[in-house]
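Colleague: I've got this model open and I'd like a close look at a single part, the strands and the loops that link them. Could you walk me through that region and what sits around it?

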Amino acid sequence: MPATPRQLTERELAVDPVDAARLLLGSVIESTTDEGVVGVRIVEVEAYRGGDDPASHCYRGRTPRNDVMFGPAGRLYVYFVYGMHFCANVVSLTDGVPGAVLLRAGEVVTGSELAHARRPTARSAAELAKGPARLTGVLGLDRAHNGVDLTEPDATVRLLAGEPVDPADIRTGPRVGVAVAVDVPWRFWIDSPAVSAYRRGTRRTRVTADPR
């Protein structure tokens, strides 16, 4: 009988976002709603820091929008983008120091029927959570989940440890669609058909008011 997956802890996640990103690959984010349970194995992530990362929401300091990114670690940071999508991040580093890992893509491992109902246009299982907006969609996440403690046993959204990933199997490259720091190789992924397509951002000489 397989062992029950354990939850990741705040201590494990209170590390540099680059290290947290590697840790999250292969783990499972599981969401429970009135409709049921959906679990997604994480196969692609991006790391974001704070004051030294111009592509981060925290680059210009603390605001009501990015407050959750300042910790404690293990919280869910959910934001609305392009006026139509939600994206989910796992907060890392220590309390008061901003950092987070964007969940870019995953494989549905629990609740496939519900995931398909939420993403009826998906042409295959690999497309269900292929991309950050699709991932939050199949999990049923929105702004109401901002700040949820993923390390709490009774939380509606939890992070479960997966099978360890061999470091040699982790690939790295530039983050997707950022307007600044476009060549920083803080996107991490493992081999999976669910990994999203790479789209290079357009380099800017000035930081916008709302950097990714």
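Modeller: Here is a walk along the paired strands, then the loops, the cysteines and the pocket.

Keep in mind that this is a predicted model.

Let's start in the middle, with strand 3, residues 76–81. Is this strand mostly buried or exposed? Five of its six residues are buried, so strand 3 is largely enclosed by the rest of the structure. Its partner is strand 4, residues 85–91. The two run antiparallel and are joined by six bridges. If you want one pair to click on, take Y77 in strand 3, whose bridge partner in strand 4 is N89. Strands 3 and 4 form a hairpin with three residues between them, and that's where you'll find Y82, which has a positive phi near 55 degrees. As background, most residues other than glycine have a negative phi.

Strand 4 also pairs with strand 5, again antiparallel, this time through three bridges. One pair to look for is V91 and A100, with A100 on the strand 5 side. Strand 5 covers residues 100–110, and it has another antiparallel partner in strand 2, with nine bridges between them. Strand 2 runs over residues 36–48. To find that pairing on screen, pick E46 and look across to L102 in strand 5. So you can trace the pairing from strand 3 to strand 4, from strand 4 on to strand 5, and from strand 5 to strand 2. A general point while you look at side chains: in a regular strand they alternate between the two faces of the sheet.

Now for something that touches strand 4 from outside the strands. T136 belongs to helix 4, which spans residues 132–139. The side chain of T136 reaches the backbone oxygen of F86 at 2.7 Å. T136 itself is buried, with a relative accessible area of 2%, so it falls well inside the under-20% cut-off for that label.

On to the loops. The one between strand 2 and strand 3 holds D67, and D67 is partly exposed, at 34% relative accessible area. D67 and P98 are 31 residues apart along the chain, yet their C-alpha atoms are separated by 8.6 Å. P72 is in that loop between strand 2 and strand 3 too, and the peptide bond leading into it from G71 is cis, with omega near 5 degrees. In general, most peptide bonds are trans, which makes this one worth a click.

The loop between strand 4 and strand 5 contains L93. L93 has a phi near 60 degrees, a positive value in a residue other than glycine. Its relative accessible area is 17%, so L93 counts as buried. For another positive phi, go to A181, with a value near 50 degrees. A181 sits in the loop between strand 7 (171–173) and strand 8 (187–189), and at 23% relative accessibility it is classed as partly exposed. The labels for L93 and A181 differ because the cut-off for buried is under 20%.

What about disulfides? A search of the whole structure turns up zero of them. C58 is in no disulfide, and the nearest cysteine sulfur to its own, that of C87, is 15 Å away. C87 is likewise in no disulfide, with the sulfur of C58 as its nearest at 15 Å. A disulfide would need the two sulfurs within 2.5 Å, so this pair doesn't qualify. C58 is buried, at 3% relative accessible area, and C87 is buried as well, at 4%.

Last stop is the largest pocket, with a volume of about 320 Å³. Of the 15 residues lining it, the closest to its centre are R104, G131, P132, A133 and R199. The elements that give two or more residues to that lining are strand 4 and helix 4, and helix 4 provides the largest share, three residues. By type, the lining divides into seven nonpolar, three polar and five charged residues. That brings us back to strand 4, which pairs with strand 3, pairs with strand 5 and gives residues to the lining of the largest pocket.

Notes:
Residues are numbered from 1 along each chain as its sequence is written. This is a predicted model: local features need pLDDT of at least 70, side-chain atom pairs count only at pLDDT 80 or more; totals for chains, interfaces and linings use all residues. Side-chain values use heavy atoms; hydrogens and water are left out. On a 1 Å grid over the protein atoms alone, a cavity is a set of points where a 1.4 Å probe fits but cannot get out, and a pocket is an open set with protein on both sides within 12 Å along at least five of seven lines; lining residues have an atom within 4 Å of a point. Grid points are joined across faces, edges and corners, and a volume is the space filled by probe spheres set on the points. Helices (H or I, at least four residues) and strands (E, at least two) are DSSP runs, numbered from the N terminus. Ala, Val, Leu, Ile, Met, Phe, Trp, Tyr, Cys and Pro count as nonpolar, Asp, Glu, Lys and Arg as charged, and the others, Gly among them, as polar. Buried means under 20% relative accessible area, exposed over 50%, partly exposed in between (1.4 Å probe, protein chains only). Two strands pair if DSSP finds at least two bridges between them. A polar contact is a pair of N or O atoms within 3.5 Å; within protein, one must be able to donate a hydrogen and the other to accept it, and residues adjacent in sequence count only if both atoms are side-chain atoms.
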